[in-house]
Amino acid sequence: MKKRLDIHEGIFLAIVLFSSIAVFIPGTGYAQLMVSLLSVSSFLFGLFIAFSISDRHARLKELREQMNAGDALVVIIDKFSSVWNTKIHKKIKSLIDDWLISTMDYKLEDYSKTQPKFLKLIDYIVKLKLKSTKKEENYEKILDILKELNIQNKKIVYLTKDKMSSFEWGSIIILGTIILFCLFIINNNTPASIVLVVLLATTLVLLMLILRDLDQLIWKENEWNWESWMNVFSELNLIPYFPEEFIKNKRIILPKCTTYRSVKYPHKYPNIQNKIVTIKISK
């Protein structure tokens with residue numbers, strides 16, 4: 001069930017709420033104290049929000065780079081393992097699929113929960129017996145890739161857990177509240193004043209919603225996250241696997257007529273036991 005307020009929904013509610021306040025609850029007009037408070041709080045808010053958005057963007061960029069590099073390495077493992085017989089190759093691909101599926105089952109902030117599936121892949125490959133020089137060469141390359149993937153997984157776990165503290169959010173919310181209060185106090189109820197106050201107040205809310213999405217790693221997630229997973233499954237000749245709830249909430253937008261594995265979870269997260277997986281075609 002959807003619990004997150006989307007940015008466009010937040011903007012719509014902000015415009016309705018702020019327009020109602022500005023029209024039906026007129027302020028006192030110009031007040032020296034309110035103007036001074038507005039100036040100081042706006043400066044601090046702008047400084048803090050700019051730094052926070054920049055920091056969150058840098059974090060998201062690094063996370064994207066680590067995940068994209070990991071996706072490429074996974075495909076290489078599949079290609080290198082093709083030198084073994086069909087049974088072994090299918091087993092490795094199946095273990096890769098299980099690991100990728102686990103990354104879909106858990107939230108990004110719980111990426112560490114996918115490690116057991118990754119370790120199963122490592123354990124299976126480490127125990128393989130070699131019977132030719134070509135296999136030995138590929139085997140060494142795969143081990144090197146697995147080491148690199150493990151390091152990247154640790155980086156991804158760190159990045160996903162590196163969220164803003166409650167003190168940082170508290171400071172931004174307090175400053176934002178002061179700005180909103182001052183804006184509506186100095187509103188003199190003229191058409192120009194109402195429009196400007198509503199636009200400024202809505203922009204303030206928009207910035208906070210953008211920062212929220214960046215901090216929760218859901219900013220433009222369909223472009224950098226879900227499309228990336230689509231490509232990996234495609235390169236591995238596997239059917240994409242996505243939670244049906246994300247499809248319904250349009251967090252994932254699939255091209256028409258895309259065949260995918262849809263999963264539903266009967267229990268509350270993070271319990272993914274007894275999940276129901278069905279093959280569907282996007283409309």
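What follows is a chat between a trainee and a mentor about the core, the cavity and the aromatic pairs of this predicted model.

Trainee: Which residues touch the most other members of the largest nonpolar core?

Mentor: That core holds 77 residues, and its largest share, twelve residues, comes from helix 2 (residues 32-80). The members that touch the most others are Ile77, Ile92 and Phe242.

Trainee: Leaving aside neighbours within four places in sequence, what is Ile92 in contact with?

Mentor: Let's take Ile92 as one of the core residues with the most touching members. Once neighbours within four places in sequence are set aside, the contacts of Ile92 are Ile77, Ser81, Trp84, Leu121, Tyr124, Ile125 and Leu128.

Trainee: On to empty space. How much of it lies in the largest cavity?

Mentor: Rolling a probe the size of a water molecule over the atoms shows where empty space is left. With a cut-off of 30 Å³ or more, the count is one cavity. The space in the largest cavity is about 90 Å³.

Trainee: Which residues of its lining are closest to the centre of the largest cavity?

Mentor: The lining has 14 residues. By class, eight are nonpolar, five polar and one charged. Closest to the centre are Gly70, Asp71, Trp99, Tyr111 and Trp229.

Trainee: And which helix gives the most to the lining of the largest cavity?

Mentor: Helix 2, helix 3 (86-105) and helix 5 (133-161) each supply at least two residues. With five residues, the top contributor is helix 2.

Trainee: Now the aromatic pairs. Are the rings of Phe18 and Phe184 stacked, edge-to-face or tilted?

Mentor: There are four aromatic pairs by count. For Phe18 and Phe184, the ring centres are 5.6 Å apart. Stacked would need planes under 30 degrees apart and edge-to-face over 60; these planes sit at 40 degrees, so the pair is tilted.

Trainee: How many residues apart in sequence are the parts that the pair of Phe18 and Phe184 ties together?

Mentor: Phe18 is buried at 7% relative accessible area, and Phe184 is buried too, at 11%. Phe18 belongs to helix 1 (residues 7-24) and Phe184 to helix 6 (residues 166-185), so the separation in sequence of the parts they tie together is 166 residues.

Trainee: What about Trp99 and Phe118: which parts does that pair tie together?

Mentor: Their ring centres lie 4.8 Å apart with planes at 45 degrees, so this pair is tilted. Trp99 is buried at 4% relative accessibility, and Phe118 is buried at 0%. The parts tied together, 19 residues apart in sequence, are helix 3 and helix 4 (residues 115-126).

Terms used: Residues are numbered from 1 along each chain as its sequence is written. This is a predicted model: local features need pLDDT of at least 70, side-chain atom pairs count only at pLDDT 80 or more; totals for chains, interfaces and linings use all residues. Side-chain values use heavy atoms; hydrogens and water are left out. A nonpolar core is a set of buried Ala, Val, Leu, Ile, Met, Phe, Trp, Tyr and Cys residues joined through side-chain atoms within 4.5 Å. Buried means under 20% relative accessible area, exposed over 50%, partly exposed in between (1.4 Å probe, protein chains only). Helices (H or I, at least four residues) and strands (E, at least two) are DSSP runs, numbered from the N terminus. Contact means heavy atoms within 4.5 Å. On a 1 Å grid over the protein atoms alone, a cavity is a set of points where a 1.4 Å probe fits but cannot get out, and a pocket is an open set with protein on both sides within 12 Å along at least five of seven lines; lining residues have an atom within 4 Å of a point. Grid points are joined across faces, edges and corners, and a volume is the space filled by probe spheres set on the points. Ala, Val, Leu, Ile, Met, Phe, Trp, Tyr, Cys and Pro count as nonpolar, Asp, Glu, Lys and Arg as charged, and the others, Gly among them, as polar. Rings of Phe, Tyr and Trp (its six-membered ring) pair if their centres lie within 6.5 Å; planes under 30 degrees apart count as stacked, over 60 as edge-to-face and the rest as tilted.
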